[in-house]
Amino acid sequence: MSPEINIVTANNWCCSCGACKAVCPVAAISFVETGAGRWLPQVDMLRCTSCRRCEQACPALDRHGAIKEALEHVPALEDSEDIAVYAGKASDPDIYKCGQSGGMVTATLRVLFRQRKITHALVVDMPPGIHPRPRAIILDETARLPQKSIYAPVDLLSLLAELPADVNGIALVGLPCHFEGLTSLLTAESNLSGKIKYRLGLLCDGVLGRSAIDFFSYPPPSTDFSLTYKNKFYPDYRNAAVTVSDGDKIIRTVPAAARMKLKKLLTPPRCLICANKMNLFADVVFGDPWGIDGIDMEHGESLILIRNAMGQEIVDMIRQEQCATLRSVSASEAWQGQQMDTRIRRWNSSCEAYRRAGFGEIPAWSRINKRLDLPAEAPEIRAISEQISMFMQLEKMRQTEVVPRLLRLMYRGEWTEKILRRVKKIYRKLKGTSC
Ligand SMILES: Cc1cc2nc3c(=O)[nH]c(=O)nc-3n(C[C@H](O)[C@H](O)[C@H](O)COP(=O)(O)OP(=O)(O)OC[C@H]3O[C@@H](n4cnc5c(N)ncnc54)[C@H](O)[C@@H]3O)c2cc1C
Ligand code: SF4
Ligand code: SF4
Ligand code: SF4
């Protein structure tokens with residue numbers, strides 16, 4: 001009988017964490033890209049022995065109640081004053097320059113390697129010409145830690161199956177859903193528990209389907225183009241949300257407004273109903289310091305939230321090694337800067353739109369569903385319903401059809417405007433008027 005992983009993917013509950021692949025004893029699970037670019041596990045039923053270990057590890061199914069249990073013990077979204085918050089930037093100019101925000105994730109990994117606290121860092125990389133992939137970095141490769149945020153789902157936890165059995169001392173850099181996967185996985189496979197020493201989380205407002213990468217790079221300038229979100233080497237990087245390069249040469253920039261429009265079309269429904277955007281299960285969490293007074297928004301800084309004693313230990317190490325400049329900032333300012341009220345309201349409307357689209361509720365989140373009892377707003381629900389329906393239409397298309405469709409959806413309005421302006425101009429010319 002096929003495992004319930006199929007139910008998880010059919011209901012749009014899958015966050016692509018990779019926990020299922022990590023535990024499968026017969027390597028029956030691989031990941032495939034859907035039309036709109038979800039990155040989903042697929043079970044090879046010829047290999048599958050129906051052992052059900054993948055179900056036990058899946059955070060969406062939460063068979064052991066590990067996610068629900070953990071939610072009882074972490075500071076909730078609204079308890080922000082219990083959390084120490086810092087802003088800062090890496091002291092090493094190269095790390096800082098290449099960082100997405102202040103380069104603090106990479107500066108932290110460097111310290112952990114230098115102090116021999118870890119032997120491996122599990123990170124996400126997007127080398128030129130290929131889609132993102134999970135990657136295990138070892139001590140000798142510390143200088144080549146990948147930087148920047150990659151707005152695509154990546155099955156980071158799959159890597160755990162590939163590491164040698166005697167590895168002890170891993171730092172995992174991941175999105176909130178990677179840590180949900182890890183929480184569930186460690187309950188199912190306790191032999192892995194001692195291996196993960198540090199959990200470096202990122203804040204997250206959602207990924208884009210992987211087809212966004214094909215869209216941004218269309219037509220590809222070469223076979224090994226590279227794509228950078230927020231390229232600090234580009235003079236007007238705040239307006240150019242994405243740059244596409246061929247070697248050192250920037251071939252194309254995608255304006256911030258176009259990226260926002262694409263976000264509406266390509267955010268996977270799972271991200272719309274994600275209640276864990278502040279990364280509840282990490283030791284320390286990194287993000288952008290939106291809304292904090294006196295921040296260097298021109299060149300970037302990182303926001304750092306300490307979630308537990310391990311997180312504080314990490315910050316103490318950073319201070320001792322003087323590898324970053326850090327200062328305390330107000331937690332409530334950070335919360336407002338992340339527009340938590342708007343996110344929670346939108347989350348509430350999204351859950352309703354999700355139900356109306358016929359998808360079931362994620363079992364793991366039943367407790368948090370009850371806690372955030374906020375009024376849902378009808379027009380917003382309608383808008384999100386349309387968004388989900390558009391995504392599902394793209395899902396039904398072949399991958400080769402998606403980019404042309406996206407181009408039409410993105411620029412149709414602008415082309416119509418251009419044609420109208422031209423027609424009006426000709427009309428005015430014929431009538432001899434000037435306005
Ligand atoms: C999909 C996504 C959504 C985000 N949303 C928000 C948000 O709403 N608000 C906010 O304040 N911050 C958000 N962030 C975090 C922010 O973009 C920066 O990653 C964070 O501030 C750290 O910057 P840095 O300069 O310290 O990291 P860097 O030194 O540049 O290191 C970046 C690290 O991110 C890891 N990474 C990149 N892409 C992924 C991925 N897809 N999955 C897992 N790990 C990845 C890399 O492995 C690398 O270790 C998001 C990040 C991602 C990837
Ligand atoms: S049921 Fe067992 S063998 Fe089948 S895919 Fe899941 S983990 Fe692998
Ligand atoms: S374990 Fe993770 S990747 Fe696998 S089905 Fe569950 S949510 Fe998806
Ligand atoms: S919004 Fe939630 S589900 Fe989506 S990528 Fe971020 S953490 Fe994962």
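What should helix α11 (residues 309–320) span at 1.5 Å a residue, and how far apart are its end C-alpha atoms? Some notes on that and a few neighbouring points follow.

1. First, a caveat: this is a predicted model, so read everything below in that light.

2. On the opening question, the 12 residues of α11 should span 16 Å, and the end C-alpha atoms do sit 16 Å apart, so the two values agree.

3. Now for which way α11 faces. G311, I314 and I318 are its buried residues. Looking down the helix axis, the buried residues of α11 fall within an arc of 55°, so they line one face. That fits the general pattern: with 3.6 residues a turn, residues three or four places apart in an α-helix point the same way. Over on the other side of α11 you'll find A309, D316 and Q320, which are exposed.

4. What does the buried side of α11 pack against? The list is α6 (104–114), β7 (196–202), β11 (284–287), β12 (302–306) and β13 (324–328). Just past the end of the helix, have a look at Q322, whose phi is positive at about 50°.

5. Strand β6 (170–174) is worth a look too. Five of its five residues are buried, so the strand is largely enclosed by the rest of the structure. Both of its faces are covered, with I170, L172 and G174 on one side, and A171 and V173 on the other.

6. β6 has strand partners as well. It pairs with β4 in the parallel sense over three bridges, and with β7, also parallel, over five bridges. L172 turns up in both pairings: its bridge partner is L122 on one side, and it stands opposite R199 of β7 on the other.

7. On to ligand 1. There are 33 residues around it, and the closest are G99, S101, V123, D205 and G287. Elements giving two or more residues to this shell are α6, β4 (120–125), β6, β11 and β12. Of these, α6 gives the most, with three residues. By class, the shell breaks down into 18 nonpolar, 12 polar and three charged residues.

8. Ligand 4 has its own set of neighbours, among them C15, C177, C204, C271 and C274, along with R270 and K277. α7 (176–188) and α10 (269–272) each put at least two residues into that shell. Its class count is eight nonpolar, two polar and two charged residues.

9. To tie the threads together: α6, β11 and β12 are among the elements packed against by the buried residues of α11, and these elements also each give two or more residues to the shell around ligand 1.

Definitions and conventions:
Residues numbered from 1 in each chain as written. Chains lettered and ligands numbered in written order. Predicted model: local features only at pLDDT ≥ 70, side-chain atom pairs only at ≥ 80, totals over all residues. Helix = DSSP H or I, 4+ residues; strand = E, 2+ residues; numbered from the N terminus. Expected span 1.5 Å × (residues − 1). Buried ≥ 20, exposed ≤ 12 C-beta atoms within 10 Å, placed from the backbone. Arc of directions from axis to C-beta. Contact = placed C-beta atoms within 7 Å. Near = placed C-beta within 6 Å. Nonpolar A, V, L, I, M, F, W, Y, C, P; charged D, E, K, R; others polar. Pairing = 2+ DSSP bridges.
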